[in-house]
Amino acid sequence: MASGTLHIDRAALAANYMTLAARSTGATAAVVKADGYGLGVELAAQTLAKAGAQQFFVATAEEGVTLRAALGPSPEINIFSGHMDGDTAHLKDAALTPMLNSPEQIVHHQAALPGHAYGLQLDTGMSRLGLQPADWPEARAHAAAATLLMSHLACADDPSHPQNASQLAAFRDMTDGLATPKSLAATGGTLLGRDYHFDLTRPGIGLYGGSPFTQARPVIRLSLPVIQIREIAPGSTVGYSATYIAKTPRKIATLSAGYADGLIRALSGKATLWHGDTPCPLAGRVSMDLLTVDVTDCTEPPEALDIIGPHQSIDQLAEAAGTIGYEILTSLGARYRREVQ
Ligand SMILES: *Cc1c(COP(=O)(O)O)cnc(C)c1O
């Protein structure tokens with residue numbers, strides 16, 4: 001038996017794309033890096049292409065090769081990491097467009113693949129990827145032939161953060177007067193409003209139902225099967241290091257999934273699972289392949305419990321673990337059976 005069942009709602013994924021696309025003033029790409037945020041890149045990309053996405057982004061050229069096989073020849077596939085050593089054959093064979101990040105990448109790309117499409121990524125204040133303002137007077141000569149001028153916001157999940165406006169101003173400073181298509185906004189930037197949209201928005205997390213797109217339709221439900229249930233007496237301990245000690249008689253269910261499936265150990269003692277409407281708290285530490293859960297309040301012995309579902313979103317689960325929905329999604333393990341609706 002699989003460690004759990006990951007239910008994926010394709011209609012919800014498509015609906016989230018269409019809602020974000022309807023809000024964008026220009027075109028809307030889909031970001032499907034990290035195996036489609038853990039859902040499976042082929043499924044995610046094909047669903048999003050059917051919903052209307054014609055441009056896609058992934059992090060690496062290898063991801064681009066996989067994506068090209070899933071999508072066929074027509075969609076545009078862009079690579080955030082640009083053109084790195086060893087990428088040339090992938091970029092050429094799979095017709096991928098690197099977002100070049102440095103003067104060195106520009107030189108390398110033009111020497112290795114003259115005439116091959118490229119975009120330019122600009123650093124407007126995140127200090128992570130992209131050409132810096134000091135590189136720009138010289139690199140700007142390559143802007144007219146680029147397919148896209150893009151940058152990324154560091155604080156777009158917080159609309160009140162002053163860095164949003166300062167990065168917008170920096171992006172405008174660097175790109176005003178250039179006719180090349182422009183892109184600044186991921187999910188958060190799309191929600192900041194039209195000033196941030198330019199020609200292309202690039203949402204990722206919002207498509208998959210995550211914050212800050214609070215109106216998103218949930219896309220996944222994660223249900224974990226019960227292997228066995230035991231009754232334990234007061235004073236009994238549960239799990240590694242005996243961190244949970246029963247104060248009263250308890251029913252403890254052992255579930256087939258653990259930190260090797262992306263249910264990170266930081267959830268220990270913090271997460272709640274659900275049997276229908278009944279909350280069932282995690283008891284003790286998360287093991288590699290197992291969870292121990294207090295099911296005393298269930299009216300019947302449960303066969304499975306939900307850890308992500310109607311009562312607990314990916315963001316609520318992330319909060320219990322002290323992390324973000326992105327990390328929960330992209331950690332979803334390979335052992336789950338994926339059931340696609
Ligand atoms: C991951 C990523 C995105 C998508 O971001 P979300 O917050 O998931 O919408 C867009 N642009 C860049 C450069 C990224 O790295």
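A residue counts as exposed when its relative accessible area is over 50%, and as buried when that value is under 20%. Keep those two cut-offs in mind as we walk through this predicted model.

Let's start with helix H8, which runs through residues 162-175 and has 14 residues. From its first C-alpha to its last, H8 reaches 20 Å, close to the 20 Å expected at 1.5 Å a residue. Now look at which of its residues are hidden: Asn164, Gln167, Leu168, Phe171, Met174 and Thr175 are buried. They cover an arc of only 130° around the axis, so they lie on the same side of H8. Turn to the face pointing away from that buried side, and you will find the exposed residues Pro162 and Asp173.

What covers the buried residues of H8? Among the elements doing so are two helices, H7 (136-139) and H9 (187-192), along with strands S8 (149-150) and S9 (182-183). Just after H8 ends, look for Gly177, which takes a positive phi of about 90°.

Next, let's move along the chain to Ser241. You can find Ser241 in the loop between strand S12 (237-238) and strand S13 (244-245). Is Ser241 buried or exposed? Its relative accessible area is 55%, so Ser241 is exposed. The side chain of Ser241 also has a partner: it makes a polar contact with the side chain of Arg285, at 3.0 Å. For another distance to trace on the model, try Ser331, which is 90 residues from Ser241 along the chain. The C-alpha atoms of Ser241 and Ser331 are separated by 25 Å.

Notes:
Residues numbered from 1 in each chain as written. Predicted model: local features only at pLDDT ≥ 70, side-chain atom pairs only at ≥ 80, totals over all residues. Heavy atoms only, no water. Helix = DSSP H or I, 4+ residues; strand = E, 2+ residues; numbered from the N terminus. Buried < 20%, exposed > 50% of the residue type's maximum accessible area, 1.4 Å probe, protein only. Polar contact = N/O pair within 3.5 Å; in protein donor to acceptor, adjacent residues only side chain to side chain. Expected span 1.5 Å × (residues − 1). Arc of directions from axis to C-beta. Contact = heavy atoms within 4.5 Å.
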